[in-house]
Amino acid sequence: MITRTRPRLRGWQLGFTAPLFFVLLATTILPVLYSLALALGGSDDDLAPRTPLSLDNVETVFSGGAVWDSLALVVVFLAGAMVGELALGVFTALVLDRYLPNRHGLRVLLLWPAVLPPIAVALVFRFILQGEIGLISYYLGQVGIDQEWLTQPVSAMAVIIAIDMWQFTPFVILLTLAALKTVPDDVLEASQLDGAGAVRTAWTVVLPIIKPALISIALLRFIDAVQVFPTIYVLTRGGPGSSTQLLTFYNFEVFFGQLNFGQGAAIAVFVVLFTIGCVALFMQFQRRAERV
């Protein structure tokens, strides 16, 4: 039986990784520790953690219903955006992979929306959807459909989800196309010899093979979608009411709007823990998919 031993890093090799650890410490670990100290010892007076530490800020945040309402809106947004992007993105990638083999120029077009600044995209859609003068609102009004997209709770959330899908579904398509390149040709040929059609081959052969890659794509989209902020800030400011006040925007309102620094830090730590927990679940799903 062959046993594998993990290679150990030598002293000079650790030296090359020291700048990475320093940047990680300065930009990630220290801010999280500071937020935790501020959540346990912060006040509304300044940004300096104080002693003795207490759970007053945490109890104040989680005893109210606003943070749980924001978390529920995050779940709604993630369910709509991620499910829509993955379903539409994977389906489109399968169609393109089968019927459009030469797609070098298409990659640039697919990458274009994802590299646009979200705040610029939100500004464009704000003008398109604005009242009676917006492009979409105007032409829908010509056929008798009057809809105030950003002033109704349901339509406002639908707009936020649709914009995220418009911007990042091409990104999912691009990554899925790359994953489809890992499917062996002999497996596809064997499926064709067995008489399987395109749909059956995609469902029973292709998708199980690229399942670990799809989970990785979903993880990337989750990490990006859970921190959505510019779109909400530009379009709705969390409204109407609090119908689009997701966790990140609620954290912004508490910290910078209400100047409740301790409570804002407690919400920020909660967002970090929520993200880490969901990422751990994704990693567990991916490990199970790789074992199959």
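A residue counts as buried under 20% relative accessible area, as exposed over 50%, and as partly exposed in between. In this predicted model, Leu30 has 45% relative accessibility and therefore counts as partly exposed. Leu30 is situated in helix α1, which spans residues 11-41. Leu30 also belongs to a nonpolar surface patch, in which it is joined by Phe21, Leu24, Leu25, Ile29 and Leu33. Together, these residues present about 540 Å² of accessible area.

From the surface, the description turns to the pockets. Rolling a probe the size of a water molecule over the atoms shows where empty space is left. The largest pocket has a volume of about 890 Å³. Its lining consists of 30 residues, of which Leu94, Leu180, Ala202, Val206 and Leu207 are the closest to the centre. Two or more lining residues come from each of α3 (66-99), α8 (185-193), α9 (198-209) and α10 (211-225). Helix α3 provides the largest share, with nine residues. By character, the lining of the largest pocket comprises 22 nonpolar, three polar and five charged residues.

The second largest pocket holds about 540 Å³ of space. It is lined by 23 residues, and those closest to its centre are Thr248, Asn251, Ala268, Val271 and Val272. Helix α1, already met as the place of Leu30, supplies at least two residues of this lining, as do α12 (247-257) and α13 (261-291). The most comes from α13, with eight residues. The lining of the second largest pocket divides into 17 nonpolar and six polar residues, with no charged residue.

Definitions and conventions. Residues are numbered from 1 along each chain as its sequence is written. This is a predicted model: local features need pLDDT of at least 70, side-chain atom pairs count only at pLDDT 80 or more; totals for chains, interfaces and linings use all residues. Side-chain values use heavy atoms; hydrogens and water are left out. Patches are made of residues with over 30% relative accessible area and no salt bridge: like charges are joined within 9 Å, nonpolar side chains (Val, Leu, Ile, Met, Phe, Trp, Tyr) within 5 Å. Accessible areas come from the Shrake-Rupley method with a 1.4 Å probe; for residues, only the protein chains shown count as cover. A salt bridge is a side-chain nitrogen of Lys or Arg within 4 Å of a carboxyl oxygen of Asp or Glu. Helices (H or I, at least four residues) and strands (E, at least two) are DSSP runs, numbered from the N terminus. Buried means under 20% relative accessible area, exposed over 50%, partly exposed in between (1.4 Å probe, protein chains only). On a 1 Å grid over the protein atoms alone, a cavity is a set of points where a 1.4 Å probe fits but cannot get out, and a pocket is an open set with protein on both sides within 12 Å along at least five of seven lines; lining residues have an atom within 4 Å of a point. Grid points are joined across faces, edges and corners, and a volume is the space filled by probe spheres set on the points. Ala, Val, Leu, Ile, Met, Phe, Trp, Tyr, Cys and Pro count as nonpolar, Asp, Glu, Lys and Arg as charged, and the others, Gly among them, as polar.
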